[in-house]
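Hi everyone, thanks for coming. I'd like to walk you through one structure today, so have a look at it first and then we'll talk.

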Amino acid sequence: MKTLELPQTDLTASDVVVGLMRINDMSDEDVRSLYTASRDAGVTMFDHAAIYGGWHGCEARFGEAVTLSSSEREAIQLQTKVGIRQGYFDFSYEHIVESVHESLEALRTDYVDVLLLHRPDALVEPEEVARAFDELHAAGKVHHFGVSNHTPGQVDLLRQHVRQPLAFNQVQLSITHANVIAQGVAANMGGLDQSIDRDNDILNHARMTGVTLQAWSPFQKGFFDGVFLGDREQYAELNDVLDEVAAAHGVTPTGIAVAWITRHPAHFQVVLGTTNPQRVRDAAAGSDVVLSREEWYRIFTAAGHTVP
């Protein structure tokens, strides 16, 4: 699996990240099997959030099931997110600090490598975020910081106050939910839905400012609408093309869905949501595939996107 030297950090991490939002009801043995399969496949980064599995539920399941030696802890990156509460968002100083302390306790670790602000808080006061980040960073409890689902303007506002680099932005991206990329391909095309800028050009802003974009829901048709892989009722042509390209590269369609994202020169990380060890292995194999431009655009158009 490819690894990335992540800009604005001292981290070198896998470009496939295993997200652990669905492990709350898994047994210790199954959680350990997922972790072991991920590590064997070359995954070094694991993604959590305070809200996953109820309040810190999935973090606690991971901490209970996976015992990390000091050397193993140093070999991986644990990432978690803060800010989503029951029915509202909260980037207050008190909530950020309290939530991180609870995450550390649940994960049974002294620090997290990355902390992300989880979806924008309309009532954010950047000075409070900065105060929380300063305290957590100085105490060694959080090494690096970023955001999730933030626009460039929201990132820049935080940057006026936060002293640590905001090195990550986690955004939804799959072959079929690809507005982050597709809008730029069809820019200035009147009357074409694809040409509408829905995110204030997150992609180019990230590339210009050294932000690593992390793609969540990489196999979803849309916003939690189910997966496109194997869906021949809605995406027959796409699945035909994925099967053909997968056979040519000796991987599965899952691997090609990952390769399509990692082929982009923005150097995305791909955040999986699966609890299936084989799906992790299939995705990791795709990390090593480099699609040609022709293959990449063929998949893009088969998903229904326009190349003017």
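Okay, let's start with a single pair of residues: Val17 stands opposite Met45, and Met45 sits in S4. Before I go on, keep in mind that this is a predicted model.

So where does that pair belong? Strand S3, residues 16-19, pairs with strand S4, residues 45-47, in the parallel sense, and there are three bridges between them.

Now zoom out. How many strands make up the closed barrel? Eight, and the order is S3-S4-S5-S8-S9-S10-S11-S12, with parallel pairing. Going from one strand to the next, the twist averages 30°. There's also a helix on this sheet: H11, residues 277-287, packs there and touches both S3 and strand S12, which is 269-272. The direction of H11 makes about 160° with that of S3.

Next up, a pair of helices. When two helices pack, people describe them by the angle between their axes and the distance between those axes. Here we have H6, residues 152-159, and H8, residues 202-209; their axes come within 9 Å and cross at roughly 35°. Who's doing the touching? On the H6 side you'll find Pro152, Val155, Asp156 and Arg159, and on the H8 side Ile202, His205 and Thr209. Sort the residues of that contact by class and you get three nonpolar, two polar and two charged.

Now for the holes. If you roll a probe the size of a water molecule over the atoms, you see where empty space is left. In this structure there are two cavities of 30 Å³ or more.

The largest cavity holds about 50 Å³ of space. Its lining includes Pro152, Val155, Ile202 and His205, along with others such as Asn169 and Leu213. H6 and H8 are the elements that each give two or more residues to that lining, and H8 gives the most, with three. By class, the lining has six nonpolar, four polar and no charged residues.

The second largest cavity has a volume of about 30 Å³. Around it are Leu20, Val31, Leu34, Tyr35, Phe46 and Phe62. Which helix gives the most to this lining? That's H1, residues 28-40, with three residues. And the class split here is six nonpolar, no polar and no charged.

That's my tour. Happy to go back to any of the pictures!

Notes: Residues are numbered from 1 along each chain as its sequence is written. This is a predicted model: local features need pLDDT of at least 70, side-chain atom pairs count only at pLDDT 80 or more; totals for chains, interfaces and linings use all residues. Side-chain values use heavy atoms; hydrogens and water are left out. Axes are lines fitted to C-alpha atoms, for helices over the stretch in contact, and angles run from 0 to 180 degrees between N-to-C directions. Helices (H or I, at least four residues) and strands (E, at least two) are DSSP runs, numbered from the N terminus. Contact means heavy atoms within 4.5 Å. Ala, Val, Leu, Ile, Met, Phe, Trp, Tyr, Cys and Pro count as nonpolar, Asp, Glu, Lys and Arg as charged, and the others, Gly among them, as polar. On a 1 Å grid over the protein atoms alone, a cavity is a set of points where a 1.4 Å probe fits but cannot get out, and a pocket is an open set with protein on both sides within 12 Å along at least five of seven lines; lining residues have an atom within 4 Å of a point. Grid points are joined across faces, edges and corners, and a volume is the space filled by probe spheres set on the points. Two strands pair if DSSP finds at least two bridges between them.
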